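Here are my notes for a colleague who is meeting this structure in the first year of study. Please keep the sequence and the model open while reading, and take the points in order.

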Amino acid sequence: MVPVIALVGRPNVGKSTLFNRLTKSRDAIVAEYAGLTRDRQYGEAKWQGRTYIVIDTGGLTGDEEGIDAKMAEQSLQAMEEADAVMFIVDARVGMTPGDQMIAEHVRKLNKRYFLVANKVDSIDPDLARAEFSPLGLGDALPIAAAHGRGVSYMLEQALGSFPKDAAEQDVAEQEGEGAEQVAEGEEHKRIPGPSDKDGIKIAIIGRPNVGKSTLVNRMLGEERVIVYDQAGTTRDSIYIPFERGEEKYTLIDTAGVRRRGKIFEAVEKFSVVKALQAIQDANVVIFVMDAREGVVEHDLNLLGFVLDSGRALVIALNKWDGMEPGERDYVKTELERRLFFVDFADIHFISAKHGTGVGNLYKSVQSSFQSAVTRWPTSRLTQILEDAVREHQPPMVAGRRIKLRYAHLGGANPPIIVIHGNQVDAVPKSYSRYLENTYRRVLKLVGTPIRIEYKGGE
Ligand code: GDP
Ligand code: GDP
């Protein structure tokens, strides 16, 4: 499970500034897709091959009443859901009574915490380190979030003990060996695929009330489905192994559906953290939307996270029952207009309530999964690259042409295509798009994003 880190602290200590710094890679991706807004509270971040989730809890004043109390409740819930708490204080202001009250909360939580003194750009970091020791949380880690100073060291303290992402470990190993020397057919052996035990891991994701629990029930209640005893529940989502036909699956249920006799009942409230973790842990996401409400902001927010994660994607437009033909046409046009950035995903119009179209989801789950994990040989990927370059040359940079020499697979789910060449830093986005589209078309990849990465060297 990806670790979750909650940022807490009084207003104005620099939580959002730090949040933005930690999650900023996301901006670059999101910016490419018009209409995708960024969630200002939850972010996916990566540090040295470790993916983690950051929550900006908003301001805790330490002394909450009225409206503040409501806000604080959310912050406290976020703290509950986190693996570690980063308690930010303002080194320029020094210790305040509010800090002391929050420190009480943090201590009571009984989980890993880090005391971080921000804004040390104009203060002696050594003074900042000691200034907050009366809080009883040890020495503070001094940082300047606005300038990035001290942030790597802080992350090392906070994340160093968490394991690296499986795919990352693999790619790192390969790079160490010099991928081009690895014999054909050998080179992606260590790219992790699905574990046979679990089959394809499917996460059912969507905002509240779109029909996730109804869909989970429908999928598991189908006659052809054999549901196994839950192999042990994790802290957050439930993992439900089942078989359908010859295929094994594990459903990652974020709606908190529990079995009551033959019926599954939702017992938990929606939690963004749970959804984000389920996305990270899945092979394929079935993204559920409510056809009656069309595409709303919160859908786009969640979809942005799916896109960042690189997981395979199947879209289910639920509550398709009882809709007028005019409404249906309108929804379809809306989808085309607003979801163009996930046009690689299959869209299904379903009724979880009546079961219409639900069985068809499996076909898309299968094909997107296959697309996401197939191990393409270096020779094939290089051939496609050569053909693409012949068809349409990369541009000149300072009088020299960018040279792209060969390509190999650097990861699966999502497929990462690593292209080696010269002056690769200068490859324009539009050219990367062209290569991505070419790979998608030639390899007939459906339902999965593709990542193109470059490796330089003369
Ligand atoms: P939040 O309310 O805790 O989310 O705080 P913000 O991130 O909005 O920051 C509050 C103010 O502190 C803003 O004016 C930031 O520009 C400023 N700030 C944040 N980090 C630093 C820093 O490292 N150094 C300095 N000097 N100012 C900072
Ligand atoms: P969740 O919060 O995403 O798990 O949503 P639920 O599964 O609890 O469904 C929310 C509401 O939508 C419930 O009242 C369901 O009965 C209703 N609902 C779910 N699926 C459908 C559907 O396919 N058609 C219609 N008309 N209603 C549905």
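1. I begin with Gln423, which sits in the loop between strand 19 and helix 14 (429-442). Its phi is positive, at about 55°, although Gln423 is not a glycine. Since the model is a predicted one, this backbone angle should be read as a feature of a prediction. As background, most residues other than glycine have a negative phi. Is Gln423 buried, exposed or partly exposed? Gln423 counts as partly exposed because 18 other C-beta atoms lie within 10 Å, and a residue needs 20 or more to be called buried.

2. A second residue to place beside that one is Gln48, which is found in the loop between strand 2 (42-47) and strand 3 (50-56). Gln48 also is not a glycine, and it has a positive phi of about 45°. With 12 other C-beta atoms within 10 Å, Gln48 is exposed, because a count of 12 or fewer is what places a residue in that class.

3. The next backbone detail concerns a proline. Which form does the peptide bond from Asn413 to Pro414 take, cis or trans? The bond is cis, with omega near 10°, and Pro414 itself belongs to the loop between strand 18 (403-411) and strand 19 (416-422). For context, most peptide bonds are trans.

4. For the chain as a whole, the student may note 14 helices and 20 strands. The protein chain has 458 residues, of which 40% count as buried. If one takes the contacts between residues at least 6 apart in sequence, 72% of them join residues that are at least 24 apart.

5. Helix 9 deserves a careful look, and it is mostly covered, with nine of its ten residues buried. The buried residues include Val272, Val273 and Lys274 at one stretch of the helix, and also Ala278. Ala275, Leu276, Ile279 and Gln280 are buried as well, and these four reappear in the contact with helix 10.

6. How do helix 9 and helix 10 lie relative to each other, roughly parallel or roughly antiparallel? The axes of helix 9 (residues 272-281) and helix 10 (residues 297-309) come within 9 Å and cross at roughly 30°. That angle makes helix 9 roughly parallel to helix 10, because angles under 35 degrees are placed in that class. The crossing of the two helices is right-handed.

7. The residues that form this contact can be picked out on the model. From helix 9 come Ala275, Leu276, Ile279 and Gln280, and they meet Leu302, Phe305, Val306 and Ser309 of helix 10. Sorted by class, the contact of helix 9 with helix 10 has six nonpolar residues, two polar residues and no charged ones.

8. Two ligands are worth inspecting, beginning with ligand 1, which is surrounded by 16 residues. The closest of these are Gly14, Lys15, Ser16, Thr17 and Ala146. Helix 1 (residues 15-22) provides the largest share of the shell, three residues. By class, the shell around ligand 1 is made of five nonpolar, eight polar and three charged residues.

9. Which residues come nearest to ligand 2? They are Gly211, Lys212, Ser213, Thr214 and Lys353, out of the 16 residues around ligand 2. The element that gives the most to this shell is helix 8 (residues 212-221), with three residues. Here the division is five nonpolar, seven polar and four charged residues.

10. Finally, three further positions connect place in the sequence with place in space. Pro11 lies in the loop between strand 1 (4-8) and helix 1, and it counts as partly exposed, with 13 C-beta neighbours inside 10 Å. The C-alpha atoms of Pro11 and Asp90 are separated by 9.8 Å, while the two residues are 79 apart along the chain. Gly457, in the segment after strand 20 (451-455), is exposed, with 9 other C-beta atoms within 10 Å. From Gly457 to His420 the C-alpha distance is 7.8 Å, and 37 residues separate them in sequence. Gly245 is in the loop between strand 9 (238-244) and strand 10 (247-253), and with 9 C-beta neighbours inside 10 Å it counts as exposed. The C-alpha atoms of Gly245 and Val331, 86 residues apart along the chain, are 33 Å from each other.

Key
Residues numbered from 1 in each chain as written. Chains lettered and ligands numbered in written order. Predicted model: local features only at pLDDT ≥ 70, side-chain atom pairs only at ≥ 80, totals over all residues. Axes fitted to C-alpha atoms, helices over the stretch in contact; angles between N-to-C directions. Parallel < 35°, antiparallel > 145°, perpendicular 65-115°, else oblique. Left-handed = near helix turned anticlockwise from the far one by under 90°. Contact = placed C-beta atoms within 7 Å. Nonpolar A, V, L, I, M, F, W, Y, C, P; charged D, E, K, R; others polar. Near = placed C-beta within 6 Å.
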